Amino acid sequence: MSHDIPEPGLAPGDLHDLSSLYAVDALDPAERAAFETHLADCPPCRAEVARYAETTAQLAAAVAQEPPPALRTSVLDAIHGTLPLPARPDTATATPAAQPAAGNPERQLAKGPREDRARSDRGSHVSLDALRRRYRRVLVAAVSTALVPGVLAGGWGLGVQAEQRHQEQLVAQEQDRENGLLAASDVTTRSLDVGGRAGTLFVSREQNTALFVSDELPDPGDNSEYQLWLMDGDTPVPDAHFTGGQLRTWLTGDVADADAVAMTIEPAGGSTTPTLPLVASTEI
C-alpha cells in the first residue's frame, strides 16, 4: 500500500488509506487531525479502525508464544511489495546526464504520477524526509496487516485453551468436593431402588451435605423430572431435580436437620409440593 500524501494538505482520496496507520499511531499530528475529521463521516474507515483496535486488544491480552515459522514469510511477503526509498543522488559525482534538467533534485527524485497530479493541483512540495517518514509508516502498516490473521487465529486458540483449563479446574473442584465428603468421619451411604435401578446417597451431617449418584436411572417420561425432597419431620422441602441416565447430583438444602430423603416424579422444572406416589425414600 502506498501513501504518497502531498504536504502540507491531504487529498480526500488519500484519507481512506490511513486507517491502518491511524490504528498503529503512525501518523504525524497534522495527518492524524485530518484523518479524525474524515473518520467522523466515513463508516468504512471507522469499521477498519475498529478491526485493528480489536486485534490490538487481543494481542495485548495474549500470552507470549513462539511465533509460527510461517509468520516471518508472511511479513516479508507483505513488505516485498513496498518499494524502497531511492538513494539520495551524490551531487558531487553525478554526471551531467544524470542530473535533473531543472528544479529541486530531491523533488525530481521523489516525483511519481500521483505527486505530479498533486503538484499540478495544489502546487505543494514533497520533501525527501517526508518520503522517508511515509516509507517507515507503510512498513509498519504492512507488518500490521500481515499480523492480523495470525493474531485473530492465535486469539481463538488462546480462547479454546482458556476454556479447556476452566473445565479442568471445575472437574478438579468437583473431585475435591467428593473426596471431602467421602473422607468425612460420619459419612453414611443409603441405597435407593428407582424403578429397578440402583441409586446411592452419600450423607454427612457433620458437613451438612449429601450426594446422590446413579449409573443409569430410567427415563422419567416426557416433560418430567425426578425430584428429591428433604423430609423435616412431616414437612417435605423441595431439593434437586434432574432427568434420568447417569448422574451425580448434590443436594442443596439443610441435610443436617433432615430425617429422610424422598424421590418423586414431577413436571419439568420441579415442584414446590410433591406429586405422589413416592418413587423411592430412605431415612438418613
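**Group meeting: loops, salt bridges and one helix**

I will start with a single residue: asparagine 208 has a relative accessibility of 34%, so it counts as partly exposed. What you have in front of you is a predicted model. I will come back to what that means for reading it.

Asparagine 208 sits in the loop between strand S2, residues 197-204, and strand S3, residues 209-217. Its backbone deserves a remark: phi is near 55 degrees, which is a positive value in a residue other than glycine.

Asparagine 223 has a positive phi too, near 55 degrees, and again the residue is not a glycine. Where is asparagine 223 found? It is in the loop between S3 and strand S4, the latter covering residues 224-232. Is asparagine 223 buried or exposed? Its relative accessibility is 67%, and with the cut-off for exposed at over 50%, asparagine 223 counts as exposed.

One more backbone item, further along the chain. The peptide bond between leucine 276 and proline 277 is cis, with omega at about 10 degrees. Proline 277 belongs to the loop that runs between strand S7, residues 260-267, and strand S8, residues 280-283.

That loop between S7 and S8 also holds serine 271. Serine 271 has a relative accessible area of 17%, and as buried means under 20%, serine 271 is buried. What does it touch? Leaving out residues up to four places away in sequence, serine 271 is in contact with Gln227, Trp229, Pro238 and Glu266. With glutamate 266 there is a polar contact, side chain to side chain, at 2.8 Å.

Now the chain as a whole. The protein chain has 284 residues, and 32% of them count as buried. It contains eight helices and eight strands. Among contacts with a separation of 6 or more, 55% are between residues 24 or more positions apart. The accessible surface is about 16,800 Å², and carbon and sulfur atoms account for 56% of that.

Next, salt bridges. How many are there in this model? The count comes to three, and I will take them one at a time.

One of them is within a helix. Glutamate 36 and arginine 32 meet through their side chains, at 3.4 Å from N to O. Both residues lie in helix H3, residues 29-39, and they are four residues apart, about one turn of the helix. In general, an α-helix has 3.6 residues a turn, so residues three or four places apart point the same way. As for accessibility, glutamate 36 is partly exposed at 37%, and arginine 32 is partly exposed at 27%.

Another salt bridge joins the side chains of arginine 248 and glutamate 178, at 2.9 Å from N to O. This pair links distant parts of the chain: arginine 248 is in strand S6, residues 245-250, while glutamate 178 is in helix H8, residues 128-182, and the two are 70 residues apart. Glutamate 178 counts as buried, at 8% relative accessibility.

The remaining pair is glutamate 216 with arginine 197, where the closest N and O atoms are 3.6 Å apart. Glutamate 216 is in strand S3 and arginine 197 is in strand S2, so this salt bridge ties together parts that are 19 residues apart in sequence. Arginine 197 has a relative accessible area of 36%, which makes it partly exposed.

Back to H3 for a moment, because its buried residues, seen down the helix axis, fall within an arc of 100 degrees and so line one face. Which residues of H3 are buried? They are Glu31, Phe35, His38 and Leu39. On the face turned away from that buried side are the exposed residues Pro29, Ala30 and Thr37.

Last, the confidence. The mean pLDDT of the protein chain is 74, and 58% of the residues reach 70 or more. There are stretches that fall short. Residues 91-126 have pLDDT below 50, and beyond near neighbours in sequence this stretch has 40 contacts in the model. Residues 1-8 also stay under 50, with 29 contacts beyond four places in sequence. Where pLDDT is low, the predicted coordinates should not be read in detail. The contacts of residues 1-8 and of residues 91-126 go with pLDDT under 50.

Methods. Residues are numbered from 1 along each chain as its sequence is written. This is a predicted model: local features need pLDDT of at least 70, side-chain atom pairs count only at pLDDT 80 or more; totals for chains, interfaces and linings use all residues. Side-chain values use heavy atoms; hydrogens and water are left out. Buried means under 20% relative accessible area, exposed over 50%, partly exposed in between (1.4 Å probe, protein chains only). pLDDT is the predictor's confidence in each residue, from 0 to 100. Contact means heavy atoms within 4.5 Å. Accessible areas come from the Shrake-Rupley method with a 1.4 Å probe; for residues, only the protein chains shown count as cover. A salt bridge is a side-chain nitrogen of Lys or Arg within 4 Å of a carboxyl oxygen of Asp or Glu. A polar contact is a pair of N or O atoms within 3.5 Å; within protein, one must be able to donate a hydrogen and the other to accept it, and residues adjacent in sequence count only if both atoms are side-chain atoms. The arc is that of the directions from the helix axis to the C-beta atoms.
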